[in-house]
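Q: I am new to this model and would ask for a close look at a single part of it. Please describe the open sheet and the cysteines in the loops beside its strands.

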Amino acid sequence: MPEWIFAIKEEDLKEEKIKVIKTGNKQIALIKKNSEIYALLNECPHQGCPLKNGTLEDYVLKCACHNWGFDIRTGDNVDTGEYIDMDDPKVEVFETQIEDGNVSVLV
């Protein structure tokens, strides 16, 4: 059953910077973009590279390992950078909420 967990104070999350939190066996990358907060699994579905090392271009987070791009709003792959036979190379995304200056993630 999913539950809300405290992730970070909103003031500690800077615009267009990536912060990683750990919860259970997951690492979640948090990104603030245009005052909205997005949360996605910190792992590229291609070879498991940490997405926190990637670069953010508009709403696309590019994996540092092979330049695959993922929309931080949906987790959808927007370009693989190279062909690979994967049915759905998507990154898991998580719902976020802000209450009293605290960011929570539904995991």
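A: Two strands are said to pair if DSSP finds at least two bridges between them. Strands themselves are DSSP runs (E, at least two residues), numbered from the N terminus, as are helices (H or I, at least four residues). The model is predicted, with local features needing pLDDT of at least 70 and side-chain atom pairs counting only at pLDDT 80 or more, while totals for chains, interfaces and linings use all residues. Residues are numbered from 1 along each chain as its sequence is written, and side-chain values use heavy atoms, leaving out hydrogens and water.

The sheet is open and consists of four strands in the order S5-S6-S7-S8, paired in the antiparallel sense. Its edges are strand S5 (55–57) and strand S8 (77–79); each has a single partner strand, so one side of each is left without a neighbour in the sheet. From one strand to the next, the twist averages 35°; such angles run from 0 to 180 degrees between N-to-C directions, along axes that are lines fitted to C-alpha atoms. At one edge, S8 is joined to strand S7 (residues 69–71) by two bridges, in the antiparallel sense. Here Gly69 stands opposite Asp79 of S8.

The cysteines come next. A disulfide is a pair of cysteine sulfur atoms within 2.5 Å, and by this rule the count comes to one. The bond is formed by Cys49 and Cys65, with sulfur atoms 2.0 Å apart. The link of Cys49 and Cys65 is left-handed, with -105° about the S-S bond. Cys49 lies in the loop between strand S4 (36–41) and S5, and Cys65 in the loop between strand S6 (60–62) and S7, so the disulfide ties together parts that are 16 residues apart in sequence.

How far the two partners are covered is expressed as relative accessible area: buried means under 20%, exposed over 50%, and partly exposed in between (1.4 Å probe, protein chains only). Cys49 is buried, at 12% relative accessibility, whereas Cys65, at 38%, is partly exposed.

Two further cysteines, Cys44 and Cys63, remain to be described. The closest cysteine sulfur to that of Cys44 belongs to Cys63, at 4.0 Å, which is too far for a bond. For Cys63 the closest is in turn the sulfur of Cys44. Both residues are nevertheless buried, Cys44 at 3% relative accessibility and Cys63 at 4%.
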